[in-house]
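Thank you all for coming. Today I would like to walk you slowly through one model, beginning with its interior and then turning to a single helix.

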Amino acid sequence: MKKLRVFLAICLIMALFPGCSPEREAAREEKLIRVGFSQVGSESDWRAANTQSMISALSEKNGFELIYDNARQRQENQFLAIRNFIQQDVDYIVLAPIAESGWDDVLSEARSAGIPVIIVDRQIAVSDEDLYTSWVGSDFLAEGQRAIRWLEGTIQQQGRLGKPLNILHIQGTDGATAQIGRTKALNDAVRTHPGWKVAAVLPGEYTEAKSYELVRDFLAEDQQIDVIYSENDNMTFGAIRALEEAGISYGADGDVIIISFDAVHDALEMCLNGKINICVECNPLHGPRVAALIRQLENGETPAKQTYVDETFFSPGLLNEDLIGSREY
Ligand code: GYE
């Protein structure tokens, strides 16, 4: 009798709430992990590949509900986004920080709310390392040193070691780890090579447009340069446009050596064609890495505090169309 009453009660509930089928309940119970992701902006091809990687890895199909915010290269926007994520009580905050400093307050708020924070790409400098759970990204100093070793070897082959070398330095966003590391490698090298000189440091902010304008104005002053050290591919594209307009030859057979960072498709094509001498790889495919970190945390594991990804570099002799075609970005 009791069983019959329970059965009738279930039938009644199912009749009143047709959405409550056992399948739907099960699906609802298989709860999506809610992730707020604050992205730097959309300044470069590298960033577009990174955003794509994050969105496809943190998809519903993979068990996530992603709240994506594009900060348009402004740290204040990242503060707003993070506060918004806290308000929405997300399960995890993922931050791709614009610059290293300034995070203590907002990340303390996240900690008070009990929300773990994962840092991706650039790093943060905080008073308390416990303000974030884990970081994954590139070793930007090593990338810079890779470029410098290549330059030293090339200059030596050309019999120009010890001779004057005028370097135009196009810099990424001030205070970003990618800028700090790549800049340090160059400055360290300039200090150890008496003939090497930085002709100018141009703040290109990782964008093609800004770099183009700055290099165009710089070249208008009739400056003589031997090397362009450009801290990302998009700024390299801008610089190359300015060189073309000024009628200055560059690349493998030209007067100006072009060093570029990221190694996105278009840059690799230009490298294969001898327009860029070296592309130092910077891997943007962090989506699956971040998803794996979250899974580890969900399983009660403690992921590594810092994870550096493996990277290499490309010069024309190391490239072919098949290799470029096989790469995801
Ligand atoms: O090199 C640049 C992007 O932080 C590694 O940011 C990233 C850099 C990348 O805009 O293209």
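**The core and a helix**

Please keep in mind, as we go, that this is a predicted model. Its largest nonpolar core is made up of 39 residues, and within it the residues with the most contacts are L168, V215, I228 and I276. Two or more residues of this core come from each of α3 (45-57), β6 (165-171), β7 (196-203), α8 (208-220), α9 (233-246) and α10 (265-272), and the largest share, 6 residues, is given by α9. Because domain 1 (31-138 + 284-298) and domain 2 (140-282 + 315-326) both contribute residues, this core lies between them.

Let us look at one of its members, I276, which, leaving aside residues up to four places away in sequence, touches T236, I240, I258, S260, A267, M270, C271 and P316. Apart from this core there lies another, of 22 residues, and V40, M54, I118 and V136 are among them.

Now to the helix, α6, where we can do a small check together. With 18 residues, from 140 to 157, and 1.5 Å a residue, α6 should span 26 Å, and since its end C-alpha atoms are 26 Å apart, the two values agree. At the start of α6, a side-chain oxygen of D139 comes to within 3.4 Å of the backbone nitrogen of L141, while after the helix comes G159, with a positive phi near 70 degrees.

Which residues of α6 are buried? They are F140, A142, E143, G144, R146, A147, I148, W150, L151, T154 and I155.

Note on methods
Residues are numbered from 1 along each chain as its sequence is written. This is a predicted model: local features need pLDDT of at least 70, side-chain atom pairs count only at pLDDT 80 or more; totals for chains, interfaces and linings use all residues. Side-chain values use heavy atoms; hydrogens and water are left out. Helices (H or I, at least four residues) and strands (E, at least two) are DSSP runs, numbered from the N terminus. The expected span of a helix is 1.5 Å times one less than its number of residues. Buried means under 20% relative accessible area, exposed over 50%, partly exposed in between (1.4 Å probe, protein chains only). A polar contact is a pair of N or O atoms within 3.5 Å; within protein, one must be able to donate a hydrogen and the other to accept it, and residues adjacent in sequence count only if both atoms are side-chain atoms. A nonpolar core is a set of buried Ala, Val, Leu, Ile, Met, Phe, Trp, Tyr and Cys residues joined through side-chain atoms within 4.5 Å. Domain bounds come from an automatic or database domain assignment. Contact means heavy atoms within 4.5 Å.
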